[in-house]
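Reader: Please give me a close look at the largest pocket of this model and at the residues around it. I would like one connected account in which every term comes with its cut-offs.

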Amino acid sequence: MCDLLDSQQPAEKLSRMKKLRRTLSESFGRLALKKDDNGFDEICVTKMSTRNCQGMDSVIKPLDTIPEDKKVRVQRTQSTFDPFEKPNNQVKRVHSENNACINFKSSSAEKESPKIRRHSSPSSPTSPKFGKADSYEKLEKLGEGSYATVYKGKSKVNGKLVALKVIRLQEEEGTPFTAIREASLLKGLKHANIVLLHDIIHTKETLTLVFEFVHTDLCQYMDKHPGGLHPDNVKLFLFQLLRGLSYIHQRYILHRDLKPQNLLISDTGELKLADFGLARAKSVPSHTYSNEVVTLWYRPPDVLLGSTEYSTCLDMWGVGCIFVEMIQGVAAFPGMKDIQDQLERIFLVLGTPNEESWPGVDTLPHFKPDRFTQYSAKNLRQAWNKLSYVDHAEDLASKLLQCFPKNRLSAQAALSHEYFSDLPPRLWDLTDRIKITRLEKKKNKI
């Protein structure tokens, strides 16, 4: 069932935040230097879809041409690892001629000396360096929020594309705590399915977080492929989402704002958790959490009803909503008015709760039985018919979309669900830094 974590201590004092910000500024240059020159080995496993996919999305374009006349192809690197045969090798393996290709990328930098991994220091004092505002060129604006603007940029140090999150500082208010929290959390998170923070730049007017550049997000991707995504794409996107969440949940961190816009998708099919501005670390008991978290459509019923004692279960409801949306092609619970309307849409499918189905619901601040229509629970396929097209999808969705928080499946448990049983076993043995990319040969024919 859903993980139960403790809460964290009250927010740090301003002086401590300044110290943290200074520490971050000094350390992120080193982090980026170690990351940039990493080499990668690849493992590629191909799987043929067993279903026709009318109305599904077009496949992700491959970076390399996979020969269609060979069922198995092995490409070995200098230090190889074959997960199906001998340990401590790297392998590129293809099982069939069409459709789903999964790449596993692992850094080989661990076998190199530190001198090889790091950039050579610029000899000229005027050369661009990490941690400096003039080390990055703004190319175009990607979006703007209430306190930050995001730009596509380019590093003058290594020429790579980056995303620049420029946070405006107010003289009276100082640095927004959400920005400090996002930077401090991401500094310690090193996982293939979590966006990488390369650098941090602090000036009197702005705080700039420099992220790896990822081409699109899940919301934009679904907009380009209406009617539901290809079932194999859904499976690998969901696997990567759960993999990233399991990593942060094991470190007592909640994301608290899961939605398609905050899941980045690369052009090779990597999924990365992003936007940790509302994320929260938990360490000691506390009942001070806000219930104004998570975009309304992805907010669980316990939070909608005023609960502030949530844990990782909060994120798992969002996973269930995103899972249904990827398969069905429409949001699971698209409330159009307010919290009352959002709850009605949830109860229409899952049934109106009571003390028997949800122990403790009567004690929640906003739960008043006479305010809600009494609905009986339905099979999820009655609300979202495409769940019945994919083996075990309805069962997994039903175990994530539980009104009673403690009944929701944890990220780690969800990874072991039968829905993922046809994926290569090697996936469950990957280390945190190994990337999974999706390369498909062509769209299935009807």
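Author: What follows starts with the basis of the numbers, then takes the pocket, and then moves to residues and elements around it.

The model is a predicted one, so that local features need a pLDDT of at least 70 and side-chain atom pairs count only at pLDDT 80 or more, whereas totals for chains, interfaces and linings use all residues. Residues are numbered from 1 along each chain as its sequence is written, and side-chain values use heavy atoms, with hydrogens and water left out.

As a frame for the close look, the chain has 11 helices and 13 strands, where helices (H or I, at least four residues) and strands (E, at least two) are DSSP runs numbered from the N terminus. Of its 446 residues, 54% are buried; buried means under 20% relative accessible area, exposed means over 50%, and partly exposed is what lies in between, with a 1.4 Å probe and protein chains only. Taking the contacts between residues at least 6 apart in sequence, 71% join residues at least 24 apart, a contact being heavy atoms within 4.5 Å.

Now to the pocket itself. Rolling a probe the size of a water molecule over the atoms shows where empty space is left. The search runs on a 1 Å grid over the protein atoms alone: a set of points where a 1.4 Å probe fits but cannot get out is a cavity, while a pocket is an open set with protein on both sides within 12 Å along at least five of seven lines, and a lining residue has an atom within 4 Å of a point. Grid points are joined across faces, edges and corners, and the volume is the space filled by probe spheres set on the points. By this procedure the largest pocket has a volume of about 1,000 Å³. It is lined by 33 residues, and those closest to its centre are Val150, Gln261, Asn262, Leu264 and Asp275. Two or more lining residues come from each of strand S3 (136-144), strand S4 (148-155), strand S5 (161-168), helix H3 (177-187), strand S7 (206-212) and strand S8 (216-217), with S4 giving the largest share, four residues. Sorted by class, the lining has 12 nonpolar, 12 polar and nine charged residues, where Ala, Val, Leu, Ile, Met, Phe, Trp, Tyr, Cys and Pro count as nonpolar, Asp, Glu, Lys and Arg as charged, and the others, Gly among them, as polar.

Of the residues closest to the pocket centre, asparagine 262 can be followed further. Asparagine 262 lies in the loop between strand S9 (253-254) and strand S10 (263-265) and is buried, at 6% relative accessible area. Leaving aside residues up to four places away in sequence, asparagine 262 touches His255, Asp257, Lys272, Leu273, Ala274 and Asp275. Among these partners, lysine 272 forms a side-chain salt bridge with glutamate 270 at 3.5 Å, N to O, the rule being a side-chain nitrogen of Lys or Arg within 4 Å of a carboxyl oxygen of Asp or Glu. Both partners are buried, lysine 272 at 4% relative accessible area and glutamate 270 at 8%.

The same rule gives 12 salt bridges in total, and another of them involves two of the strands that contribute to the lining. Glutamate 144 and arginine 168 pair through their side chains at 4.0 Å, N to O, which links strand S3 to strand S5 across 24 residues of sequence. Glutamate 144 is exposed, at 54% relative accessible area, whereas arginine 168, at 31%, is partly exposed. Lys141 joins Glu144 and Arg168 in a network of salt bridges.

Arginine 168 also leads to the stretch before helix H3. Proline 176, in the loop between S5 and H3, touches Tyr147, Ile167, Arg168 and Leu169, again without residues up to four places away in sequence. The C-alpha atoms of proline 176 and alanine 148 are 10.0 Å apart, with their positions 28 residues apart in sequence. Within helix H3 itself sits alanine 183, buried at 1% relative accessibility, and its C-alpha is 8.1 Å from that of isoleucine 200, a residue 17 places away along the chain.
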